[in-house]
Every structure is written in C-alpha cells, then in structure tokens.
Amino acid sequence: MPDHMNRQTRAIQSFFYSQYFSDGLRITLGVLLPSLILWQLDRFELGLTLSLGALCVSGADNPGPVMHKRNGMLICSGMMFLVAIITGFARLDVYTLGAEIVVLSFFFSMFTVYGNRAASVGTACLLIMILMMEKQLKPNEVLGYSTTILAGSIWYTLLSITFFSIRPYRAAQQALGENILDVAKFLRLKIDFYHPETDIDENYRKVVSQQIHVSQNQDAVRDLLFKSRILVKESTNASRILILTFVDLVDMFEEIMATHYDYNVLREKFASTGVLDDIATLLLHIADELDNVGFAIQSNTRYNHLKDLNPELEALKAKIDEIGANDKEVSNLVLKKILINLRNLNQKTVNIFNYYNSKSAALLENRSDVEYSRFVTHQDYDLQLYADNLSFSSSIFKHSLRVALVCLVGFITAKTMPQLPYSYFTAKAVTQGHHSYWILLTIIVILKPGFSLTKERNFQRLMGTISGGIIGILILKFIPGSTAQFIILMVLMVGAYSFQRYNYIVSVILMTPYILILFKFLGVGHVVEERIVDTFIGSIIAFIASYIIFPIWEFDQIKKNLGDVLVANVSYLLKVAETFSGKAVSITEYKLARKDVYVSSANLSAAFERMTSEPKSKQRHIKEVHKFVVLNHILTSYIANIASNLINKPKQVVQPDNLRLVRRSINMLAETSKKLEQNANLPAEINALPVLPADIQKPEVTLDSHLLKQQLEFITKVSTDIAKITDAILED
C-alpha cells in the first residue's frame, strides 16, 4: 500500500500529466510566442497586441469537444473585435465610455443563461473592453488595432485546435484519468466508515463533498467522450477503450455508492470479529489499484502489475461464513452483500486494467446497446432563452444588473479619485495612472451570482495579489539578471494558467509576480502599489455590492435543488417498480435515471456548501437542509444498491410486497416534491404505477428476498424522514 508521502508525490506527478498543466503550457505558448517573434523583428508593440488577443480568447478555451471549442473561440474572436472597435471610439468621451461599460457589462453577463462556455465568451469580451479603456488610440488607429487583436485571437484558436487535432484523444484521456483518481479518493472516504474511531456524521460531510467533484468531473468526461463525433463514431481501439473504461467507471462509482449500510449497526454487531478491518483493507487495496490505473491512463503509460485480490476475497468469504456458523443469532447476510460489492468492484478494476493491457479484439466488442447521445445535455442557444430571462424572477438577470451597476461604480471611482494612497508604500506619491482598469478587472473577476462565491473569490483574489506582490518584489530585488527574470516569468506564466481552473488562489499568487516582471520589462513603474490598491478597492466594491444590490442567497435558490433531487429519485424508483412488476427495463433507462440522480444530488450538495459560507443571518434552516442532504445520500445509496442487483439480474420474481413498498416510497417523494412546486417536472409514469393482481401468488421467502424487503422498508422510512425534514424547511 502506498504511504501518505508516496501519494503526495504521485499527486504532484499527476498534476504535471493533467489537462490543467497541458492548458497552462498551451496558453503560455499561444500568448508568449507572438511577442517573442515580433520582438526579434523589432515590432514588439504589434506582438503585444497580438498576445492581448490571444490572452483574452484563451478564456473561452474551456474543456470540451473540439467542435465546441472551435465554435466558441471563433464567436468569441468576432465579438471581441466588435467590442474593441466600440471601446476604441467610446473611450474618446468619458460619458460614452461609462454608458458602454453599463450596457456591455449587462449584455455579456447575461450570457450565463447559455452555460459555462458562453459565460466565458462574455467574460473575454468584457476583459478586452476593460483593457482597451485606457489605450491611447487616435480614431484612425482603432480599426487597425482591433484587427490586430482579432488576428491574435485567431492565431490562438488555430494553435489550440491544432493541438487537439494532433492528439485527439489526449484531453479525454487526461480527464478520464483524473476522474478515476477522484473515484479512488471517494472510495477512501467510504472506507473510513468501517473504522470505529471515525465520526460518521463528519465523514458523511466529506463523502458528500467529494461526490460533488466526482459528479462534476463525470459530466466533463461525458462531454468529451459522447459529444465528440470522432470518439463515438470512430471505431479505433483508442476511442473504444476510453468509452468502455468510462462506462465501467460510472458503474463502479454506483457500486461504491451502493456499499452503504447502517454503519452504527455494523460496528455494533461485527467490530469485535475483525471482519470490518478486513473489509476496509480490501477496499484500500482496490483504491490503491484505482490510483495506479488512473495515473497510468492520465500519464499515457502502461500499468502491468495489477494486484490479485482473489485470495483475500476468498479469505474474507471464509471468515464471513465462520461468523454465520459460530453465531446463529447474528445474521451475516449483510456481510455477504458487502462481499458481493467487493467482488464487483474488483472485477470493474480488472476490466479497466484489461482494456489497456489486452490485445484481444473480443474484449473491445460493444457489450451493451447504450445510446451515448442520451447521456449528454444539449445546450439551447435560442435567443428566446435570453429574452425569457429578462425579468426580476431570473437570478441571472439580477446578477447581470448588479454587474452593470457595480462596474459603473468602479469606473466612476477610478475616474474621480485623483490620487490613490500609493505613497503609503513608497516615498513618492504616485498620481492615479493608466492601470486603474484593475479596479474594473477585479470587479469582473470577483463578482459572482451568489454571495458565497463572491466572498470566496474575493478572499482568494486579495490574498493572492498581496502574496504574489511580495514574491514579485523579492524576485525583482534579489534576482536582477534579465535572462533569469525572463525564465522565471515563463515558469510563473505556465503555473498561473495551469492553476486557473484547478486552484484560483495559487493562480493569482503566480500571476501577480509574472505581471510585475512583465511590466518591469515594459518600463512601467509602481505596478505593485497600483495592483494591490486597485485590487483592494475593487474587492471592497464587489463585496459590498453582493450584499446590498439584488443579493442572491442560496436558501432562496435551494428549494429548486431539493425538488430536483426528489424528482430524480422518483424516476429512479419508477425503474425499480417497473422491474418488480415484471416489465423489462433497459440498462440505458436505468443508467439515465442514475445519472440524473447523481447530477441533481451533486447540485444540491454544492448549493448547501455555498450556503454554509453565507452570513449566519441568511442561513435559514441550515441544520434541516444538512439533514436533507445526508438523507438524500443514504436514499440514493440504497436505491443504487437495489438497482445494481436488478441490472445484473434483470429477471425478477414478481413480489407484491416489494412493489407495494416501492409505490409507497414513490408516492411519498412525489407528494414532497409537489410541496416544493415541482409538479410539472414529475415523470408522467407516476400516474400509471404498475399494479399487480390481488390474488397473485407470493413467492417463497429466501434470505436474499428478506434482505431486499428490509432495504425497501428502509427506503420507505428514509422517504418519510425526507418528507418531515422538507416540511420543517418550508416553515416560515
């Protein structure tokens, strides 16, 4: 088993093989190359303008299928060109510029209605507007300068697409490897439930938090795999391996979710036997093997030494049988179910290992008729969607209006303060310079739809800027050589862009000294003082605005998340009910229902985490919402446990009692969702629940059927508890 230090070393190595580091290298190359080449040709100013276009459009270079990346960056380039022209002329009059800032800030902030990629396009356009505000251009120079920005953005777009054309599977491979590592981390948290010293409630919090990361990353991998035609339609081994691996990984994650039991009862019954330690050890071995396989996939290397866990599984089986034989009063059936889960997890790990190490063509045959296109969400870009959100009932509209007003305040602040207190930092007072756009830049970066996200980004930006400023000063003071400083600048650039999506505060810490060194080369002084003061001013304005101007509190939004997760669980249970009634339900239908449950659960958990960072006065029913989140996790785990068995054994003996229990849970959850105003989203099948004849013969009771009935009874109990908690949440 790798020790803690080895895992830390592996984590560092994993980062350098990740898509984050690849993105950092690509962005640095795309931004730096035009300036370096044209510097050699004595056209440095032209090179800087090209680099500016490349830098801004790189913000729209989000992970995803190549076609989406290309379309997003081309649209972004065109819009940036128009914004650059408008700003170039608007800046000639301060009132016109102020009006432009208000209109464009609102217009581009509304792009959030079309998803993350469109929101990134909007942010890139606002960035070019802000950076053009203080550019001293004559009217006849505006078009040429804007065209150069367009050329820089087109250059970066071509570079990015070329990278992905040369290695079309690499991004998907990296994302898949990272997702496997996330699942391994999730499994390690589940292992802690088997240790008596672990606080169960605290561990639930960690498990739910990690589930958010797993679910979000699975969505990213789905986009890369299932939306990319080259991956789905191309019949190469590389594309088939990636898809088969991901399908097994999602099944494996369900299996890990399904290994949920009443851990207090497990500890009480079996802690003295030592069997829980054996289970934890086996799960730890599986997590280690997942780490190894995930790293191999991410680093594009081969892992050849998968540990054979079958002897340990057989030893555990013998121990479980011995417990059942020695103590007739204590049922070991739950331990047998855990053993089945362990075998399934081990088999999934072996399958993934074999995909990358077997040359057998039969292994890569399509084992199931899965319609991949049904597993991805398709973004609607209809203009009507934009228009429909132009009302105060839309949180995106309120956020966009807030951004517009706050940007206007920031602009007025920058223009009306004749002298900022830079003399506090230096012996010489410095008059407000042309870098006051950092106030607006800080506002655009920090201001998020929710208060908690704004608060978090605010802290990261401030701490990152101050820390980075200190580092920058030390570099400039103690490393005077231009060559050494340039090398450091390139390293800092790669780091800043690599951590941009991975860890924002680290990105800011690295970006600040890189900008200071860059401006030193450009002959601009007092940048440290300006950057820190302007960032501080922008942060204060954004923070206050998020609290008083159309504030959006999570509790006002979370009711929809609560309703969504209930509707998803109803749909999941409907598939179980249909199978219990004798109807054939396809694997695809089960997996679609499962995906919806995991996505909605992750959204709910993320909303709850955001709520916990809001002011105490705004945290309404925080304990009840937390209990709802935990109960939902338990409910989902139990349904996954049953669904997993039904998928593996689709031919079920019709059992009236089981169907009645499922119907009761469905009705309970449906009624609760109606209280949360989710009537319209409930599946139509709920009005035609399967009914069995009253005189149907009951099958013989077996240990398996007895355990299944216990699980269904527990699901009914959890559904009742969720209904009670929902009533408490809805109380004024």
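In which helix is the place of Thr454? Thr454 belongs to helix α19, as the first of the legends below shows. The model is predicted; local features need pLDDT of at least 70, side-chain atom pairs count only at pLDDT 80 or more, and totals for chains, interfaces and linings use all residues. Residues are numbered from 1 along each chain as its sequence is written, and side-chain values use heavy atoms, with hydrogens and water left out.

**Figure 1. Surroundings of Thr454 in helix α19.** Thr454 has a relative accessibility of 0% and counts as buried; buried means under 20% relative accessible area, exposed over 50%, and partly exposed in between, with a 1.4 Å probe and protein chains only. When residues up to four places away in sequence are not counted, Thr454 touches Ile446, Leu447, Lys448, Ala542 and Ser546. Contact here means heavy atoms within 4.5 Å. Helices (H or I, at least four residues) and strands (E, at least two) are DSSP runs, numbered from the N terminus. For the protein as a whole, there are 27 helices and zero strands, and buried residues make up 54% of the 732 residues. Among contacts between residues at least 6 apart in sequence, 82% join residues at least 24 apart.

**Figure 2. Packing of helix α2 against helix α3.** Helix α2 (residues 19–40) and helix α3 (residues 44–58) pack at an angle of about 170 degrees, their axes being 7 Å apart. This makes α2 roughly antiparallel to α3. Axes are lines fitted to C-alpha atoms, for helices over the stretch in contact, and angles run from 0 to 180 degrees between N-to-C directions. Angles under 35 degrees count as roughly parallel, over 145 as roughly antiparallel, 65 to 115 as roughly perpendicular and the rest as oblique. From α2 the contact draws on Ile27, Gly30, Val31, Pro34, Ser35, Leu38 and Trp39; the residues from α3 are Phe44, Leu46, Gly47, Leu48, Leu50, Ser51, Ala54, Leu55 and Ser58. By class, 11 residues in the contact of α2 with α3 are nonpolar, five are polar and none is charged. Ala, Val, Leu, Ile, Met, Phe, Trp, Tyr, Cys and Pro count as nonpolar, Asp, Glu, Lys and Arg as charged, and the others, Gly among them, as polar.

**Figure 3. Packing of helix α2 against helix α7.** The angle between α2 and helix α7 (residues 139–166) is about 140 degrees, and their axes are 10 Å apart. The two helices are therefore oblique to each other. Arg26, Ile27, Leu29, Gly30, Leu33 and Pro34 of α2 meet Trp155, Tyr156, Leu159, Ser160, Phe163 and Phe164 of α7. This contact of α2 with α7 has nine nonpolar, two polar and one charged residues.

**Figure 4. Aromatic pairs linking separate helices.** The structure holds 28 aromatic pairs. Rings of Phe, Tyr and Trp (its six-membered ring) pair if their centres lie within 6.5 Å; planes under 30 degrees apart count as stacked, over 60 as edge-to-face and the rest as tilted. Tyr17 and Phe295 form an edge-to-face pair, 5.7 Å centre to centre with 80 degrees between the planes. The pair links distant parts of the chain, with Tyr17 in helix α1 (residues 4–17) and Phe295 in helix α13 (residues 275–299), 278 residues apart. Tyr17 is partly exposed at 36% relative accessible area, whereas Phe295 is buried at 14%. Phe451 and Phe543 form a tilted pair, 5.5 Å centre to centre with 50 degrees between the planes. Phe451 lies in helix α19 (residues 451–478) and Phe543 in helix α22 (residues 527–548), so the pair ties together parts that are 92 residues apart in sequence. Phe451 is buried at 3% relative accessibility, and Phe543 is partly exposed at 34%.

**Figure 5. Surroundings of Leu492 in helix α20.** Leu492 lies in helix α20 (residues 482–498) and is buried, with a relative accessible area of 9%. Leaving aside neighbours within four places in sequence, Leu492 is in contact with Ile475, Leu510, Pro513, Tyr514 and Ile517. Leu492 and Ile515 are 23 residues apart in sequence and 9.3 Å apart in space, C-alpha to C-alpha.

**Figure 6. Two loop residues with positive phi.** Asn300, a residue other than glycine, has a phi near 60 degrees. Asn300 lies in the loop between α13 and α14 (310–326) and is partly exposed, with a relative accessible area of 43%. Phi of His621 is near 55 degrees. His621 is placed in the loop between α24 (587–612) and α25 (622–648) and is partly exposed at 21% relative accessible area.
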